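I opened this notebook page to record what I looked up about cores and helices. The entries follow the order of my reading.

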There are 2 protein chains.
Amino acid sequence: MSETRPADPADPEGADTVQQLGEDVVLAALREVIDAHNAHNAPDAHRAPAPPGRGVPVGMPVGPGDDAAVLRLEDPRLVATTDTMSQDQDFRPGWWAYPAEAAHGVGTKAAAQNLSDLSAMGARPVALLVSLTLPPQTRLDWAVGVMSGIAAAATAPGAAGCVIAGGDLGSGDVVSVTITALGTPTGARSLLRSGARPGDQLAVCGPLGRAAAGLAVLEGEVSPARGAESLLEACLDAQRRPAPDLTAGPRALASGATAGLDVSDGLLRDADRLARASEVALVLEEQSLAEEITALGRLDAHSSRGWVLGGGEDYALLATFPGEADLPEGFRRIGEVRSCDGAPGVFAGGTVSAGWDSLRQGEGPASRSGSQSCGK
Amino acid sequence: MSETRPADPADPEGADTVQQLGEDVVLAALREVIDAHNAHNAPDAHRAPAPPGRGVPVGMPVGPGDDAAVLRLEDPRLVATTDTMSQDQDFRPGWWAYPAEAAHGVGTKAAAQNLSDLSAMGARPVALLVSLTLPPQTRLDWAVGVMSGIAAAATAPGAAGCVIAGGDLGSGDVVSVTITALGTPTGARSLLRSGARPGDQLAVCGPLGRAAAGLAVLEGEVSPARGAESLLEACLDAQRRPAPDLTAGPRALASGATAGLDVSDGLLRDADRLARASEVALVLEEQSLAEEITALGRLDAHSSRGWVLGGGEDYALLATFPGEADLPEGFRRIGEVRSCDGAPGVFAGGTVSAGWDSLRQGEGPASRSGSQSCGK
């Protein structure tokens, strides 16, 4: 795929590169995408008009163009996160067949991972800031495609009202997109990694392992068996243009979740972070994941267990709930919280297969010496 | 300088690279810098303790570690800006003699340019988010030095209370630092580019041309004459570790400024932006810059005029004030605002030298066809 139709941002033979067109033309094109998004997704947040007098009253959102954006928050509590996605580190243009798909996917994924972080705190997004680094040979339509992908992610359910408030355009050897997402808490508390208590249920919302399966296919590490085309597409989408459920965190919080985070680095690794922040033992009930592992096994039977337990970038929401609570819609129980006597970590409960420990040892932070005795 | 003692972030022979040490060690080292900064600069903003129950009340700042930072703003009005600084595009490690200087300078400059944007809106900074991309071979002390430089910039006068609220650490071919600065307006209004009115005075706060002079020396384009060592040092500092006056924007706003922005891309270019946003003609009184041009001429007589009129990255504050107003301390008049009949731009008043037009033509956005007749 990547050899025959590379979707590189730079095309040495192409016209309309950002270098040829110049910053003003590129910014104007990006601005069109931003203005259209803001008008559609946040129709009440008009850009402040040029004032006749001494500056505009603060509080109206001021769009890109001034030194900074000005927003009025409904709530003085601000939730903020930032993340960078770099070409060849976090994505390869060759993953896509066409440039337009690649650009859109890169923008979508850069925004989605930040929006997922806000959701995982129980917040809803109100604004994105975008810092876009492009090689001089980048085609204008690639730059516009990235911003369109960002806009697409910011119109997902749960992101209503989220504006693209401004940003920065710079030059570099490869494409790099840094997004800062700003949000507002949806409840009286935020959903933190700390807060899980012995007796809580451990639950997850959203598929696991799909992005890792998609990555393995895109990188040529596995050749999926025939007959699983729709699953393959879902896995490729999970890697190339993820669409995390941005309402999962707020729903969890409203249902009394005690702790939570999104699964961006793999279930075991992220569960370990929650366990350590909460100073508890998380006992995974592996049989609860059996169906998911079997399903992904249609792509590659030898890899599916590793994808589900260790694969990152799914942006599923991992959360803990009081033991007696009904789980909110979309969440499924995958384990329980126990006390750990000072050695927090993740442990296998139920049917522990031979592959389990070797996988944990390969997971770095999830395999900690001395933690085997904790909470069992 | 760059050939004998390169201050590269990567040292193939060195131990203690971020790759060798791993993410957890690097994050812990960066976290120490961040915690020390926050404790010193914002002693009242304690990090939320791990809660015994169901999460902490939102409103306490939660430090790096969770999916996002949570801050409580004193004011629901939020001013936000973001900017990326990339190795070889925005700085070269060879500009510095020692790695520690380089890392500190890169962090300082990355933060300063964002903090200056907030000041230019009349805002004071409350939080920085840092997305740091490092090559795997980067030495740990280089990474720590960048964060220390960021912390140093965030303790400048005008930045009291500004925390480093969190960030992201990633891998890439070269060092790249993206900072998002969040601030609070200091007055009822923000200082925008629009708002200048005919009859206003045009004024600037801070030196002009020094960063450009420093860049020319660092890039080997000029060899400064002897006898100007202290001026040379000031110019090198202006380029390598700028210290913009973060109180300039709030002071301008308090004195009734009608419009303003920081001079990040050169006086003529940024003045043109203000003129266009305000739909006015800005008439520069070039004689007001003569002393500055003469002074920088001690480094290179042929370049000093271009440095003062076209050099970027000085982060001086350019602002307009009512014609009858006393300028606030630190500001000097450099021109006036006139009506432009629909063709805004920057024009020379007073003594117009032969070099003026050619310089404007070289400045791109500042030389617009048809604007010569406007407002004169």
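The entries below concern nonpolar cores first and two helices afterwards.

Entry 1, the largest core. I noted that the model is predicted. I looked up the largest nonpolar core and found 84 residues, of which Leu128(A), Ile150(A), Val177(A), Leu299(A) and Leu318(A) touch the most other members. Helix α4 (residues 140-153) of chain A gives the most to this core, namely eight residues. I then asked why this core lies between two domains. Domain 1 (18-48 + 56-185) and domain 2 (201-366) of chain A both contribute residues to it, so the core lies between them.

Entry 2, one core member. I listed the contacts of Val177(A), leaving aside neighbours within four places in sequence; among them are Asp83(A), Met85(A), Val106(A), Leu132(A), Val146(A) and Ile150(A). I also recorded a second, separate core of 83 residues, which includes Cys162(B), Leu261(B), Leu267(B) and Leu299(B).

Entry 3, helix α8 of chain A. I checked the length of this helix (residues 267-278): at 1.5 Å a residue its twelve residues should span 16 Å, and the end C-alpha atoms are 16 Å apart, which agrees. Nine of the twelve residues are buried, so α8(A) is largely enclosed by the rest of the structure. The buried residues include Leu267(A), Arg269(A), Asp270(A) and Asp272(A). Just after α8(A), I noted a positive phi of about 55° at Glu279(A).

Entry 4, helix α4 of chain B. Ten of the 14 residues of α4(B) are buried, so this helix is largely enclosed by the rest of the structure. Trp142(B), Met147(B) and Ile150(B) are among the buried residues. I found that the buried residues of α4(B) pack against elements of chain B including α2 (23-41), α3 (99-120) and β3 (123-134).

Conventions: Residues are numbered from 1 along each chain as its sequence is written. Chains are lettered from A and ligands numbered from 1 in the order in which they are written. This is a predicted model: local features need pLDDT of at least 70, side-chain atom pairs count only at pLDDT 80 or more; totals for chains, interfaces and linings use all residues. Side-chain values use heavy atoms; hydrogens and water are left out. A nonpolar core is a set of buried Ala, Val, Leu, Ile, Met, Phe, Trp, Tyr and Cys residues joined through side-chain atoms within 4.5 Å. Buried means under 20% relative accessible area, exposed over 50%, partly exposed in between (1.4 Å probe, protein chains only). Domain bounds come from an automatic or database domain assignment. Contact means heavy atoms within 4.5 Å. The expected span of a helix is 1.5 Å times one less than its number of residues.
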